[in-house]
Amino acid sequence: MAGGDEWLSAQLKGVTAKFEEVDKDKNGSLTMMEVFDMLKAAGYRGRQSDLNRVFFEMDKNNDFQVTKEEFVKCFEKLPRPSRREMALWTAFKKMDKDGSGALSKKELMSQAVFMDVGMNDEEISNLIDYVFGDSDGQVNRH
Ligand SMILES: [Ca+2]
Ligand SMILES: [Ca+2]
């Protein structure tokens with residue numbers, strides 16, 4: 001599937017789940033429902049058809065189960081900026097406790113500098129702009 005990996009990386013932006021946490025019934029593989037729950041818990045608001053597609057992109061051998069191997073492979077493919085983006089999303093979700101979906105960029109940066117992402121303030125600022133879009137200093141969840 002051409003461009004599938006890039007598309008998948010974009011869909012999984014903000015997902016930081018561990019396989020063991022996603023595998024709710026601890027049977028060593030993920031069902032479609034378990035994958036959907038993971039995405040929704042991460043704030044994913046895609047259409048059902050996109051959720052389906054995420055699952056099948058992860059399920060490489062099409063047996064309707066995502067094994068740990070398939071899961072890990074999928075996340076290993078995420079390029080490094082996506083991992084940084086994920087760290088930002090995690091910080092964003094932590095701070096946005098009231099679920100308003102908006103934080104000031106300054107607030108987000110004050111949180112971000114405490115994270116071990118190996119970036120200076122300017123890089124973090126640029127990344128925030130890249131991930132969330134710069135809208136007059138307010139950061140809004142998509
Ligand atoms: Ca399971
Ligand atoms: Ca599979």
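This report describes the overall make-up of a predicted model and then the surroundings of its third helix.

The protein contains 8 helices and 4 strands, and from the N terminus on these elements follow the order α-α-β-α-α-β-α-α-β-α-α-β. Of its 142 residues, 20% count as buried. Among the contacts between residues at least 6 apart in sequence, 58% join residues at least 24 apart. An unreviewed UniProt entry lists residues 10-45, 46-81 and 83-118 under "domain: EF-hand". For the span 10-45, the C-alpha atoms at the two ends lie 13 Å apart, and the span is 44% helix and 6% strand.

Helix 3 covers residues 32-41, and within this helix E34, V35, M38 and L39 are buried. Seen down the helix axis, these buried residues fall within an arc of 135 degrees, so they line one face of helix 3. An α-helix has 3.6 residues a turn, so residues three or four places apart point the same way. On the other side of helix 3, M33 and K40 are exposed. After the helix comes G43, which has a positive phi, near 90 degrees.

The elements against which the buried residues of helix 3 pack are set out below.

| Element | Residues |
|---|---|
| helix 2 | 19-22 |
| strand 1 | 29-30 |
| helix 4 | 48-58 |
| strand 2 | 66-67 |

The packing of helix 3 on helix 4 can be described further. Two packed helices are described by the angle between their axes and the distance between the axes. For helix 3 and helix 4, the angle is about 115 degrees and the axes are 10 Å apart, and the crossing of this pair is right-handed. On the side of helix 3, the residues that take part are M32, V35, F36 and L39, and they meet L51, V54, F55 and M58 in helix 4. By class, this contact has 8 nonpolar residues, with no polar and no charged ones. V35 and L39 thus appear both among the buried residues of helix 3 and in its contact with helix 4.

Helix 2, another of the elements packed against the buried residues of helix 3, includes E21. Is E21 buried or exposed? E21 is exposed, because 11 other C-beta atoms lie within 10 Å, and a residue counts as exposed when that number is 12 or fewer. E21 and M38 are 17 residues apart in sequence, while their C-alpha atoms are 8.8 Å apart in space; M38 itself is one of the buried residues of helix 3.

Terms used
Residues numbered from 1 in each chain as written. Chains lettered and ligands numbered in written order. Predicted model: local features only at pLDDT ≥ 70, side-chain atom pairs only at ≥ 80, totals over all residues. UniProt positions renumbered as here; feature names shortened; annotations may be inferred. Contact = placed C-beta atoms within 7 Å. Arc of directions from axis to C-beta. Axes fitted to C-alpha atoms, helices over the stretch in contact; angles between N-to-C directions. Left-handed = near helix turned anticlockwise from the far one by under 90°. Nonpolar A, V, L, I, M, F, W, Y, C, P; charged D, E, K, R; others polar.
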